[in-house]
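Please examine the sequence and structure shown here. A short report accompanies them.

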Amino acid sequence: MYLENLKIVSKTLSFWTTSCSSFNTRNLFFVSMANLMLNKLSTTLTTSNQDDDNDTNNNLNEINSSRLLANTFFAIFISNKILSYFFVLNLKLSILAALVIGLASVGASFGLRKMYVKALLKIFEYATNIKQEKLKDYEELIDNELETQMERHEKIKKMQRLRLDTFRLDSADKQLLDDSDKQNNNYIRDEKEISNKQRTLSDMKRDFQLDDITDFVHQGLQSIIDDQVTKRFTTEELTVWNLLSRNDQQYEYISFRVTILWLFGFILRYCVLFPFRLVLFIFACSFTFLSTFLIGRIREGKFKCWLNWYATLILHRILSRVFSAIITFHNREHKAKCGSICVANHTSPIDVIILSTDNCYSMIGQQHGGFTGMMQKAFSRSARHIWFDRSETKDRTLVAKRMDEHVKDKSNMPILIFPEGTCINNTSVMMFKKGCFEIDTVIYPVAIKYDPRFGDAFWNSSKHTMLQYLMLMMTSWAIVVDVYYLPPMTKYPLEDAASFAKRVKQVIAKKGGFVDLEWDGMLKRASPKLDLMYEQQENYSKHLKIN
Amino acid sequence: MGSSSSILLTKEEIQNIANDTGFAPNQIKRLYNRFTTLDKDTKGYLDRQDLLKIPELHVNPLCERIIEVLVDDHGRDGKLNFKQFAAVFSTFRRGKVEQNDLNSKQNKLKFLFGIYDRDKDNKINKSELLSILKMLVGSNIPEDQMNSIAERTITELDENGDLVITFEEFCETLQKIDVDEKMSMKFLT
């Protein structure tokens, strides 16, 4: 097959060049690029032979081995580039790096990133237009028997509207959002309606019918096709393709122009942006370790707090530039103050970095090992954070006590906590755990909304490890975020923690335009409790007439 | 580089499935996306465990039975590959029904009958009826009352007196509800 021959050729070429004594950057560049291209093309054009399991396994193995080869070459290329940075062989680029770091420290910006983002949007529109046209042509060939002329006109109009309105594909979500708006307004009227209905229904008990199963079967089958929970743990679908092949789940070879555009984008992201960001990242990490070490040595007092405040701000601003983050803060007057708790919806580990560019927080979480653990220990040297061991998380009272003590001391920074407990894909807000709402203090809610057109910030922890995720982030176009500070809230005197948590969740969901779900985020990994099933069974049996 | 390997559908395959099932190519692509989302280990097929992981299905009283019907009746060896997946769900496609189309009312009724009839003898006997009742009401109604409900249903609907409900008797009972409408599902395009 044509593709097979290409693969063989590229493999021999790569082996030959590496065996050459000259480790020329340019050679490696071409070879690694060729391998990466072939990788992408082979995954997109591989046929799936569903009846023959052996064949698919072979294909997978081939893909994996060629990917491994491509990855090693890419790693060699990147490390070559980084060494050239550090040895100041490239004077202009190191000046640029210093400039970025300087700007970050001061908190100023040239506005370059905003212009970059606007240009990107135009390119995405162009690419999507080409794609839609090609798809339309192809589908017209197939759909001729299935559609009448009128339906086709409607479809075209709908596509145009989608392009203008929003970039969200999910109409089911729009329905949910509209419904929740209506519900909030008609809450009192509905209550009366529901209680009336219940009274009449219980008078109307029916015999068991064979067709009673239809509703349950229908609901079950519908949830297999589209359910509210599992889709929150995968990347959101977009109508505008942002030239990242990882985001387009069914990337096919549609048009030559689009592929060329994608190629340019690929080279730009991996060979120009990525090394630069990696250098910044390494600088930021070394800055963390150095600064926390030095500040940790100073005596406790106001000076230490002040110094720590500025050092953390600068560090996080540099880190935000590592991901090319463009952050817009709204309602800054509601920024969290000392001795309070700040809650936010959780989408990725970058949430912490984004929030910390504006305000200093005390973090709370599990003590990890490895690189993350080192960072946690480093932060603890210069400021007060709450880290607990895995064995202690089960002891909620202990953690609550530590939070209580931290909050009572008014000179402590506000605690930043993510009550969902896990990363959700930024389309919805799931159940808030009531632990932190039991503490007697002011809560400052924050809604974090990522713009999905520039890069998917959601961390799918079952799909990517932390390092893979960071790599994905550093090779995205940019991360555009809207942070909404919300007015502080306190618990009503007779309210319990769970209802308070629900109230805060509603506020955050409304502001960020998220769907408010009652499902638990932990369903990502665990099975749901069967209480809901028992409830359904109870309701059904209430309407059965028994002799 | 960071993206997962996904074996995509070719145009010919999409065309084949479109011809067999009557779905539009767009719908097939979305169904395939959904299939790969549910198939977390990229095995190429769905099994009982994958379907159980859907929380809304897990709390459905008829969850086990629906999964059984899907995987055992429409799949092979406890595995449901994408062609079979598309074929099953085409039964519930909303749209005009042609002569031998999969979404005929007959097929919908057969599916529902299969929920009751697990020993494949084309009859619903009292124990099969009882097991469904148990799933629907849980522990809210005592055994003897459930027994009497089951007996009453059979005597009402059984026409030829053999104390089982055949497929024809089943279809007659379900004449009064609009099966086509009730069992049609929404497939996003």
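The following report covers chain composition, burial, surface and record annotation.

This is a predicted model, in which local features need pLDDT of at least 70, side-chain atom pairs count only at pLDDT 80 or more, and totals for chains, interfaces and linings use all residues. Residues are numbered from 1 along each chain as its sequence is written, chains are lettered from A and ligands numbered from 1 in the order in which they are written, and side-chain values use heavy atoms, with hydrogens and water left out.

| Chain | Helices and strands | Accessible surface |
|---|---|---|
| A | 18 helices, nine strands | about 28,900 Å², 60% from carbon and sulfur atoms |
| B | 11 helices, four strands | about 8,400 Å², 47% from carbon and sulfur atoms |

Helices (H or I, at least four residues) and strands (E, at least two) are DSSP runs, numbered from the N terminus. Accessible areas come from the Shrake-Rupley method with a 1.4 Å probe.

**Chain A.** Of its 547 residues, 47% count as buried, that is, under 20% relative accessible area. Of the contacts (heavy atoms within 4.5 Å) with a separation of 6 or more in chain A, 80% involve residues 24 or more positions apart. An unreviewed UniProt entry places the feature "transmembrane region" at residues 68-87, 93-112, 254-272 and 278-296 of chain A; such annotations may be inferred rather than shown by experiment. Residues 278-296 of chain A are 100% helix and 0% strand, with end C-alpha atoms 27 Å apart.

**Chain B.** Buried residues form 56% of the 189 residues in chain B. The C-alpha trace of chain B spans about 65 × 40 × 25 Å along its principal axes. Among contacts in chain B between residues at least 6 apart in sequence, the share joining residues at least 24 apart is 53%.

Notes
Buried < 20%, exposed > 50% of the residue type's maximum accessible area, 1.4 Å probe, protein only.
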